[in-house]
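Visitor: I've never looked at this structure before. Could you walk me through how to read it, one feature at a time?

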Amino acid sequence: MTDQRAVREALRTQHIETPSWAYGNSGTRFKVFAQEGVPRDAYEKIDDAAVVHRYTGVAPTVALHIPWDRVTDYGDLARHARERGIGIGAINPNVFQEDEYRLGSVCNPDPAVRRKALDHLLECVDIMDVTGSADLSLWFADGTNYPGQDSIADRQERLSEALRAVYDRLGDGQRMLVEYKLFEPAFYTMDVPDWGTSYAHCVDLGPRAKVLVDTGHHAPGTNIEFIVAFLLARSRLGGFHFNSRFYADDDLMVGAADPYQLFRIMVEIVLGGGLEPAAGVAFMLDQCHNIEPKIPALIRSVLNVQEATAKALLVDAAALRGFQREGDVLSANAVLTDAFATDVRPLLAELREDMGLDPDPIAAYRRSGHFERIRAERADGAAAGWGA
Ligand code: LRH
Ligand code: MN
Ligand code: MN
């Protein structure tokens, strides 16, 4: 039996961070689709993130991507967020969108380009100091397209050097999350292709360097929950970029493609103590809503993570351990499948009412007229999008 009070408490305290870039226009390499009512700058992205928090109650921070969210005064942006009831979460430097980065950023063979990239990473730590952000979320598009193009080993050395310089600059209470990705944009080697590479660099650096698991960044069929369990047990799981995928890095809504995988990931989190605030696991979304309306899609995504978490919390851990010890394979497996088959929507609806929220956040958002308002207010300006 699971303790219902503890389940509710855990669900109240789990925070899911939304990404600023999911509120702006996005698309594939074939087409960026413009939507109506899209934010025109970082301030309006924060306004939209605050709306998602208002309806879900569990999305109190928004991640920034610099320079997509460049402003002249980050203190003022943080104040703006606070006034709307949210905070600024992870800071994501962007070292992949300038011509100089054609052959990479911190792994580039040219020391001048490496210096430029490192300066940007350090600037992002300065921004964290001002916004009060705890996490620097690093992803490098670095890699090579052709065998022989550059030395794999030298590139690792360059990466270590840059990571060390950033790590040494971190202040108290600040962490560094190192994200990996199997391929894209580089197609022969990526310099941080997998969790093992990220983990090894984090271990070299020290305890404040952690691995970031983006669920869309693996080869098809990879057992992501194994990676999660392994990293969590070694205190190296920094957090997630949740999204779902059918093929590659599709950035679709989390829980849309394979809710059972999301559940299995959350089971390892719950069983490994990863929901405890002390575990420091950051639950972040990294998605693009190219064809669906953005705010409802983000609300849906937050709810999907919450549903998977609720089901994972319903796993009868004591019974599971017992069956595992006895070697009762079928019963142990049934503990998981029973929890997954439970309809947790009534439980979550009640929890929301307890929290003073509408039990159906998407319906409440649609009724609110908010979309019609932003569509009219923002009709005049250039919408923010990738690179804006
Ligand atoms: C790379 C990535 C990384 C970037 C984001 C926009 O594919 O997952 O996290 O910062 O997309
Ligand atoms: Mn990501
Ligand atoms: Mn990605």
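Visitor: Let me start with one residue: in which helix is Tyr260 found?

Guide: Tyr260 belongs to helix α8. One thing to keep in mind as we go is that this is a predicted model.

Visitor: Is Tyr260 buried, exposed or partly exposed?

Guide: The trick is to count the C-beta atoms around a residue: 20 or more within 10 Å makes it buried, 12 or fewer makes it exposed. Tyr260 has 13 other C-beta atoms within 10 Å, so it is partly exposed. You can also compare places along the chain with places in space: Tyr260 and Tyr43 are 217 residues apart along the chain, and their C-alpha atoms are separated by 36 Å.

Visitor: And what about Ala186, how far is that from Thr144 in sequence and in space?

Guide: Those two are 42 residues apart in sequence, with 5.5 Å from C-alpha to C-alpha. Ala186 sits in the loop between β8 and β9, and it counts as buried because it has 20 C-beta neighbours inside 10 Å. Setting aside neighbours within four places in sequence, its contacts are Gly143, Thr144 and Asn145.

Visitor: What else should I look for in that loop?

Guide: Check the backbone angles. The peptide bond from Glu184 to Pro185 is cis, with omega near 10°, and Pro185 is in the loop between β8 and β9. Glu184 lies in that loop too, and its phi is near 80°, a positive value in a residue other than glycine. Glu184 has 12 C-beta neighbours inside 10 Å, so it counts as exposed.

Visitor: Which other peptide bond is cis, with omega near 15°?

Guide: That's the one from Ile66 to Pro67. Pro67 lies in the loop between β4 and α3.

Visitor: Where is Ser235, and what is its phi?

Guide: Ser235 is found in the loop between α7 and β11. Its phi is near 55°, again a positive value in a residue other than glycine. Ser235 counts as exposed because 11 C-beta neighbours lie inside 10 Å.

Visitor: That loop leads to β11. Why is strand β11 described as largely enclosed?

Guide: Go through the strand residue by residue. In β11, residues 237–242, 6 of the 6 are buried, so the rest of the structure largely encloses it.

Visitor: How do I see which strands pair with β11?

Guide: Look for bridges, and for the direction in which the strands run. Strand β10 (residues 209–214) runs parallel to β11, joined by 4 bridges, and Leu212 stands opposite Gly239 in β11. From β10 the chain crosses through helix α7 (residues 224–233) to β11, in a right-handed β-α-β crossover. Strand β12 (residues 282–285) also pairs with β11 in the parallel sense, over 4 bridges; here Phe242 has Leu285 as its bridge partner in β12. Helix α8, where we found Tyr260, makes a right-handed β-α-β unit with β11 and β12.

Visitor: With which strand does β12 pair over 2 bridges?

Guide: With β1, in the parallel sense, and Glu17 stands opposite Met284 in β12. β1 is also joined to β4 (residues 61–66) by 2 bridges, and these two run parallel, with Pro19 opposite Ala63 in β4.

Visitor: Which way do the side chains of β1 point?

Guide: In a regular strand, side chains alternate between the two faces of the sheet. In β1, Ile16 and Thr18 point one way, Glu17 and Pro19 point the other way, and all are buried.

Visitor: How about the nonpolar core, which residues touch the most other members?

Guide: The largest nonpolar core has 100 residues, and the ones touching the most other members are Val52, Val178, Val211, Val228, Met266, Val302 and Ala312. Helix α9 (residues 294–313) supplies the largest share, 11 residues. Take Val211: leaving out residues up to four places away in sequence, it touches several others, among them Val178, Trp195 and Leu237.

Visitor: Last one: which residues are around ligand 1?

Guide: Read the shell as a list, then sort it by kind. Around ligand 1 are Trp21, Asn92, Trp139, Glu179, Lys181, Asp214, His241, Asp249 and Asp286. The shell divides into 2 nonpolar, 2 polar and 5 charged residues.

Methods
Residues numbered from 1 in each chain as written. Chains lettered and ligands numbered in written order. Predicted model: local features only at pLDDT ≥ 70, side-chain atom pairs only at ≥ 80, totals over all residues. Core = buried A, V, L, I, M, F, W, Y, C linked by C-beta atoms within 7 Å. Contact = placed C-beta atoms within 7 Å. Pairing = 2+ DSSP bridges. Right-handed = clockwise from strand over helix to strand, strands pointing away. Near = placed C-beta within 6 Å. Nonpolar A, V, L, I, M, F, W, Y, C, P; charged D, E, K, R; others polar.
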